[in-house]
Amino acid sequence: MTKRTFGLCLAVALLLGCGKEEYPAVDLFTWKAKVDVTAKGNLTVNIENGAGASGGEGSAKVIDNDFNSKFLINPYQSNFYMQLSFPAPQQVASYTLTSGGDAPGRDPRDWKFSGSMDGTTWVDLDTRTGETFSGRNLTKTYSFKNLVLYNHYRISISAVSSGSLFQLSEWRLIEVPAEQQ
């Protein structure tokens with residue numbers, strides 16, 4: 001086969017779509033994605049670090065999107081919770097927890113994740129017991145079905161792995177469209 005014939009064959013193959021990848025048709029105006037909505041919310045906790053929310057290991061560290069910082073409380077109490085409140089309702093159906101950088105005994109073990117319209121009446125959306133983190137600064141994702149938009153989301157941590165301290169590097173809330181749950 002001559003160079004000219006080979007070139008002509010190659011051109012014909014390309015024009016006919018040989019090797020063309022097919023992509024599904026997507027209407028760009030209706031396509032929905034999972035979205036981290038954490039930054040839209042206002043964080044409150046019922047037990048704060050001794051140095052305050054903005055201290056070196058204060059509660060603000062748990063939503064600062066920095067895995068190298070952490071929220072630490074001492075002493076941990078089993079009625080501890082963290083709450084994110086939003087000015088507009090969010091459809092959260094997934095959240096992540098990132099373990100702290102040291103002492104696995106401080107990791108959350110048992111908790112309930114709940115939603116509320118008014119901040120008073122809560123609906124349990126996800127319950128976990130006996131959870132462990134196999135490494136430091138390890139992010140785990142927890143997903144569940146939720147088609148309701150709530151203004152408030154709370155994680156109530158009823159037990160840590162061991163000891164009297166609690167730590168967490170990050171807590172993120174993810175909005176998940178109904179068709180992806």
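These legends describe close-up views of a predicted model.

**View 1. The largest nonpolar core.** This core has 30 residues. Phe80, Met82, Tyr95, Phe113, Trp171 and Leu173 touch the most other members. Eight stretches each supply at least two core residues: strand 2 (42–45), strand 3 (71–73), strand 4 (81–90), strand 5 (92–98), strand 6 (108–116), strand 9 (150–160), strand 10 (166–168) and strand 11 (170–175). Strand 9 gives the most, with five residues.

**View 2. Phenylalanine 80 and its contacts.** Phenylalanine 80 is among the core residues that touch the most other members. Residues up to four places away in sequence are not counted here. Beyond them, phenylalanine 80 touches Val45, Asn46, Ile47, Phe71 and Ile73, and also Ile155, Ser156, Ile157 and Phe166.

**View 3. Glutamine 83, a buried residue of strand 4.** Glutamine 83 is found in strand 4. Its relative accessibility is 8%, so glutamine 83 counts as buried. Its side chain makes a polar contact of 3.3 Å with the side chain of serine 85. Neighbours within four places in sequence are left aside in the contact list. That list holds Asn42, Leu43, Thr44, Trp122, His152, Tyr153, Arg154 and Trp171.

**View 4. An open sheet of four strands.** The strand order is 1-11-5-8, and the pairing is antiparallel. Strand 1 (35–36) and strand 8 are the edge strands, each pairing on one side only. Two bridges join strand 1 to strand 11. At this junction, valine 35 stands opposite glutamate 175 in strand 11. In general, strands of a sheet pair through backbone hydrogen bonds.

**View 5. Threonine 139 beside threonine 98.** Threonine 139 lies in strand 8, which covers residues 139–143. Threonine 139 and threonine 98 are 41 residues apart along the chain, yet their C-alpha atoms are separated by 4.1 Å. Their side chains make a polar contact of 2.7 Å. Not counting residues up to four places away in sequence, threonine 139 touches Phe67, Thr96, Leu97 and Thr98. Threonine 139 counts as partly exposed because its relative accessibility is 36%.

**View 6. An edge-to-face pair, tryptophan 111 and tyrosine 142.** The model has 11 aromatic pairs. In this one, the ring centres are 5.3 Å apart and the planes meet at 85°. The pair is edge-to-face. Tryptophan 111 is in strand 6 and tyrosine 142 is in strand 8, 31 residues apart. Both rings belong to buried residues: tryptophan 111 has a relative accessible area of 1%, and tyrosine 142 has 3% relative accessibility.

**View 7. A stacked pair, phenylalanine 113 and tyrosine 153.** Here the ring centres are 5.7 Å apart and the planes are at 20°, so the pair counts as stacked. Phenylalanine 113 lies in strand 6 and tyrosine 153 in strand 9, so the pair ties together parts 40 residues apart in sequence. Phenylalanine 113 is buried, with a relative accessible area of 0%. Tyrosine 153 is buried too, with a relative accessible area of 0%.

**View 8. A cluster of aromatic rings.** Ring pairs link Phe86, Tyr95, Trp111, Phe113, Tyr142, Phe144, Tyr150 and Tyr153 into a cluster. Among these residues, Tyr95 and Phe113 also appear in the list of core residues that touch the most other members.

**View 9. Charged groups over rings.** The charged end of lysine 140 sits over the ring of phenylalanine 133, 5.3 Å from its centre. Arginine 154 lies over the face of tyrosine 81, at 3.7 Å from the ring centre. Arg154 is also one of the contacts of glutamine 83.

**View 10. Backbone features in three loops.** Most residues other than glycine have a negative phi, and most peptide bonds are trans. A cis peptide bond joins asparagine 74 and proline 75, with omega about 5°. Proline 75 is found in the loop between strand 3 and strand 4. Asparagine 65 has a positive phi, near 60°. Asparagine 65 is placed in the loop between strand 2 and strand 3. At 52% relative accessibility, asparagine 65 counts as exposed. Alanine 103 also has a positive phi, about 40°. Its place is in the loop between strand 5 and strand 6. Alanine 103 counts as partly exposed, at 33% relative accessibility.

Definitions and conventions. Residues are numbered from 1 along each chain as its sequence is written. This is a predicted model: local features need pLDDT of at least 70, side-chain atom pairs count only at pLDDT 80 or more; totals for chains, interfaces and linings use all residues. Side-chain values use heavy atoms; hydrogens and water are left out. A nonpolar core is a set of buried Ala, Val, Leu, Ile, Met, Phe, Trp, Tyr and Cys residues joined through side-chain atoms within 4.5 Å. Buried means under 20% relative accessible area, exposed over 50%, partly exposed in between (1.4 Å probe, protein chains only). Contact means heavy atoms within 4.5 Å. A polar contact is a pair of N or O atoms within 3.5 Å; within protein, one must be able to donate a hydrogen and the other to accept it, and residues adjacent in sequence count only if both atoms are side-chain atoms. Two strands pair if DSSP finds at least two bridges between them. Rings of Phe, Tyr and Trp (its six-membered ring) pair if their centres lie within 6.5 Å; planes under 30 degrees apart count as stacked, over 60 as edge-to-face and the rest as tilted. A charge sits over a ring if NZ of Lys or CZ of Arg is within 6 Å of the ring centre and within 35 degrees of the ring normal.
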